[in-house]
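User: I've got a structure open and I'd like to know what backs up the labels people put on it. Can you go through them with me?

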Amino acid sequence: MTKVSYLIAGAVLAACLGVVANAQQPAQQPAAPPFATTKVEGTDNVYVFRYGNHQAMFVVTSAGVIATDPIGYGRPQAVVTYVDEIKKVSTQPIKYLIYSHHHFDHIAGGKPFKDAGATIVAHKRAKERLAVIKDPHTVLPDETMDTTRTITLGDTVLELSYLGLNHSDSTIVMRLPKQKILFAVDFIPVGSVPGRGMIDTYPLELEESIKKVLAMEWDKLIPGHPGQPGGRLGTKKDVQDQLAFLQDASEAVKVAARQGQCWDGVEKGMKLPKYESWPNYANGLQFILRRYCALWGRGT
Ligand SMILES: [Zn+2]
């Protein structure tokens with residue numbers, strides 16, 4: 001290689017390493033174990049399985065286990081661990097695996113669940129997308145739903161609802177009406193600023209989805225990434241705060257966009273000082289500003 005090629009190769013390598021380092025930035029404390037299974041306080045059958053910085057809900061019923069999101073993107077061992085963790089707390093068969101939305105970081109790696117006999121359920125749009133992309137590590141759903149579906153298994157009822165476009169076009173929220181628990185992935189970060197996920201978010205519709213979540217009856221929200229700080233669950237106050245953050249960011253960019261400040265002026269100069277202390281502000285701001293510039297400064 002010439003000297004220039006070495007320099008380019010070095011720069012590319014550094015860029016790749018940078019991406020990897022960012023992607024693996026732990027939201028947990030450095031001492032947090034790689035995975036954990038936690039029973040949700042106040043219940044005797046609802047669990048959160050966390051692996052790294054992703055998490056999923058599973059429910060043990062009198063007639064089998066309902067699992068969600070295999071969270072195995074780039075790490076098939078996480079899914080083997082997930083199934084093993086379920087077996088530690090229940091001898092019941094795993095009957096269902098429900099995908100929260102089509103993004104691979106949440107739903108890749110489901111084969112061990114399929115092999116265990118689980119029926120995979122997702123929104124119909126998730127199946128359409130997965131069928132086109134053909135990711136070799138992501139198992140296609142067996143069954144799909146459109147707007148609502150209720151899964152009744154033994155003594156447990158789980159409601160699945162599609163609330164419209166938001167963080168993706170295939171997101172379903174899962175609610176346990178008896179336990180008043182909601183599992184909602186990625187469109188409502190708990191206690192932190194959203195980040196890369198803004199890239200394919202539908203910003204106007206997202207606000208409407210969040211308002212629908214606020215109107216539902218629940219006490220605890222299990223997020224798809226550990227809540228901040230300390231991996232906590234979310235409350236309605238967290239959901240209201242997230243909505244206010246998005247509305248403030250949207251309004252600020254709208255004003256600037258109409259003065260011709262998108263892309264460069266906003267991306268390089270805008271700050272949202274009210275939210276500086278929120279986790280992920282420094283990393284996430286660029287993605288938020290870019291998404292709202294696309295909306296208000298471009299029309300998309
Ligand atoms: Zn996502």
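**What backs up the labels**

Analyst: Sure, and keep in mind that this is a predicted model. Let's start with the largest nonpolar core: it has 47 residues, and the members touching the most others are Met 57, Phe 58, Ile 98, Phe 113 and Leu 160.

User: What is Phe 58 in contact with, beyond its neighbours within four places in sequence?

Analyst: Its partners include Thr 37, Asn 45, Val 46, Tyr 47, Phe 49, Val 65 and Ile 66. Ala 67, Tyr 82, Ile 86 and Val 89 are on the list too. Apart from that core lies another one, of 35 residues, with Leu 163, Ile 188, Ala 249 and Val 253 among them.

User: Which residues coordinate the zinc ion?

Analyst: His 101 through NE2, His 103 through ND1, His 167 through NE2 and Asp 186 through OD, at 2.1 to 2.2 Å. Donors have to be within 2.8 Å of the metal, so these four atoms qualify. Along the sequence the spacing reads H-x1-H-x63-H-x18-D. The pair His 101 and Asp 186 links distant parts of the chain, 85 residues apart. His 101 sits in the loop between β5 and α3, Asp 186 in the loop between β11 and α6.

User: Why is the arrangement around the zinc ion called irregular?

Analyst: The angles between the four donor atoms run from 89 to 174 degrees. Tetrahedral would need all angles between 85 and 135 degrees, so the 174 rules that out, and the arrangement counts as irregular.

User: What makes Asp 186 buried?

Analyst: Its relative accessible area is 17%, and buried means under 20%, so Asp 186 gets that label. His 101 is buried as well. Asp 186 also has a positive phi of about 75 degrees, although it isn't a glycine. Most residues other than glycine have a negative phi.

User: Why does Asn 280 count as partly exposed?

Analyst: Asn 280 has 34% relative accessibility. Partly exposed is what falls between the 20% and 50% cut-offs, so the label fits Asn 280. Asn 280 lies in the loop between α8 and α9, and its phi is positive, near 75 degrees.

User: Where are the cis peptide bonds at Pro 229 and Trp 263?

Analyst: One runs from Gln 228 to Pro 229, with omega near -5 degrees; Pro 229 is in the loop between β12 and α7. Another joins Cys 262 and Trp 263, with omega about 10 degrees, and Trp 263 lies in the loop between α7 and α8.

How values were computed
Residues are numbered from 1 along each chain as its sequence is written. This is a predicted model: local features need pLDDT of at least 70, side-chain atom pairs count only at pLDDT 80 or more; totals for chains, interfaces and linings use all residues. Side-chain values use heavy atoms; hydrogens and water are left out. A nonpolar core is a set of buried Ala, Val, Leu, Ile, Met, Phe, Trp, Tyr and Cys residues joined through side-chain atoms within 4.5 Å. Buried means under 20% relative accessible area, exposed over 50%, partly exposed in between (1.4 Å probe, protein chains only). Contact means heavy atoms within 4.5 Å. Helices (H or I, at least four residues) and strands (E, at least two) are DSSP runs, numbered from the N terminus. Donors are N, O and S atoms within 2.8 Å of the metal (3.2 Å for Na, K and Ca); water is not among the atoms, so sites may look incomplete. Four donors count as tetrahedral if all angles lie between 85 and 135 degrees; four count as square planar and six as octahedral if opposite donors are over 155 degrees apart and all others between 65 and 115; anything else is irregular.
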